[in-house]
Amino acid sequence: AATAADWAREEVDGAIRSGLVPPALQSGYQSKITRAEFAHLAVVLVEQVTGSSADRLLEGLGREMDSPFQDTRDPYVLAAYALGIVNGRTKTTFDPDGSITRQEAAAMLTRAANILGAPVNGNAKEFRDSGQFAPWAAEAIAYVSSVRTPDTNQPVMGGVGGKQFDPFGTYTREQAFITAYRLL
């Protein structure tokens, strides 16, 4: 779709106005976001909030932007990896065109939020499908559902309705833009 869904439009427009959404991603809002696109979005978010380039942040952390990945040289992927926001699918494969699940998004958002020092300012939501969460994702899901926006008290990432988180559900561009915007 050329525009975001009705439920998402206001926050997607806010994310675009704030400079979070690269022009190349300002279409296909209901499409699955790729791993490379999410990495790009996460790096732009960190740069916006800190007011510093990824290169400067890495320099301050004493980290290099080198890559073990054989399937990408995308500078945003490499920066997100060096910052600890994303991991590879394997030690040498990133899978830049692969999609991400909602629980993977929660983990990456948590890592970005930790760089930004986003405080927990609400209670973690309880989800009926919590027994389906991967062990490595449970803490991240609790975190992103307990960090709230100051103005609307929305969790950075909530459920899909019916008290479900849907950990294996697809993660769309518009969902990614909204969650990044809420962290901003």
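This briefing covers the core, two helix pairs and several single residues of the structure above. The model is predicted. Its largest nonpolar core holds 58 residues. Helix 7 (173-183) is one of the helices that supply this core. Helix 7 also packs with helix 1 at about 65° and with helix 2 at about 15°.

**The nonpolar core**

- Six of the 58 core residues touch the most other members: Phe-38, Ile-85, Leu-109, Met-157, Tyr-171 and Phe-177.
- Seven helices each supply at least two residues of this core: helix 1, helix 2 (35-50), helix 3 (54-61), helix 4 (75-82), helix 5 (102-116), helix 6 (135-146) and helix 7 (173-183).
- Helix 2 gives the most to the core, with nine residues.
- Met-157 touches Leu-109 and Tyr-171, leaving aside residues up to four places away in sequence.
- Under that same limit, the contacts of Met-157 also include Arg-102, Ala-105, Ala-106, Val-144, Ser-145, Phe-165 and Thr-179.

**Helix 1 with helix 7**

- Two packed helices are described by an angle and a distance, both taken between their axes.
- For helix 1 and helix 7, the angle is about 65° and the axes are 9 Å apart.
- Angles of 65 to 115 degrees count as roughly perpendicular, so helix 1 and helix 7 are roughly perpendicular to each other.
- Helix 1 passes helix 7 in a left-handed crossing.
- On the helix 1 side, the contact uses Glu-11, Val-12, Gly-14 and Ala-15.
- On the helix 7 side, Glu-174, Phe-177, Ile-178, Tyr-181 and Arg-182 take part.
- By class, this contact of helix 1 with helix 7 has five nonpolar, one polar and three charged residues.

**A closer look at Glu-11**

- Glu-11 sits in helix 1, which spans residues 9-17.
- Is Glu-11 buried or exposed? Its relative accessible area is 18%. Buried means under 20%, so Glu-11 counts as buried.
- Not counting residues up to four places away in sequence, Glu-11 touches Ile-178, Tyr-181 and Arg-182.
- Ile-178, Tyr-181 and Arg-182 are also among the helix 7 residues that meet helix 1.

**Helix 2 with helix 7**

- Helix 2 and helix 7 pack at an angle of about 15°, and their axes are 10 Å apart.
- Angles under 35 degrees count as roughly parallel, so helix 2 is roughly parallel to helix 7.
- The crossing of helix 2 and helix 7 is right-handed.
- Helix 2 makes the contact through Glu-37, Phe-38, Leu-41 and Leu-45.
- Helix 7 makes the contact through Arg-173, Ala-176, Phe-177, Ala-180 and Leu-183.
- By class, the contact of helix 2 with helix 7 has seven nonpolar, no polar and two charged residues.

**The loop between helix 6 and helix 7**

- Asn-153 lies in this loop, between helix 6 and helix 7.
- Phi of Asn-153 is near 60°, a positive value in a residue other than glycine.
- Asn-153 has a relative accessible area of 48% and is partly exposed.
- Asp-166 is also placed in the loop between helix 6 and helix 7.
- Phi of Asp-166 is positive too, near 65°, and this residue is other than glycine.
- Asp-166 is partly exposed, at 33% relative accessible area.
- Val-147 is found in the loop between helix 6 and helix 7.
- With a relative accessible area of 6%, Val-147 is under the 20% limit, so this residue counts as buried.
- Which residues does Val-147 contact, leaving aside its neighbours within four places in sequence? They are Ala-118, Pro-119, Val-120, Asn-121, Gln-154, Pro-155 and Val-156.

**Distance in sequence and in space**

- Ala-124 is in the loop between helix 5 and helix 6 and is partly exposed, at 38% relative accessible area.
- Ala-124 and Ser-146 are 22 residues apart in sequence, and 4.2 Å apart in space, C-alpha to C-alpha.
- Ala-124 touches Ala-142, Ser-145 and Ser-146, not counting residues up to four places away in sequence.
- Thr-90 lies in the loop between helix 4 and helix 5 and counts as partly exposed at 43% relative accessibility.
- Thr-90 and Ser-31 are 59 residues apart in sequence, and 25 Å apart in space, C-alpha to C-alpha.
- Val-147 and Ala-8 are 139 residues apart in sequence, and 19 Å apart in space, C-alpha to C-alpha.

Terms used: Residues numbered from 1 in each chain as written. Predicted model: local features only at pLDDT ≥ 70, side-chain atom pairs only at ≥ 80, totals over all residues. Heavy atoms only, no water. Helix = DSSP H or I, 4+ residues; strand = E, 2+ residues; numbered from the N terminus. Buried < 20%, exposed > 50% of the residue type's maximum accessible area, 1.4 Å probe, protein only. Contact = heavy atoms within 4.5 Å. Core = buried A, V, L, I, M, F, W, Y, C linked by side-chain atoms within 4.5 Å. Axes fitted to C-alpha atoms, helices over the stretch in contact; angles between N-to-C directions. Parallel < 35°, antiparallel > 145°, perpendicular 65-115°, else oblique. Left-handed = near helix turned anticlockwise from the far one by under 90°. Nonpolar A, V, L, I, M, F, W, Y, C, P; charged D, E, K, R; others polar.
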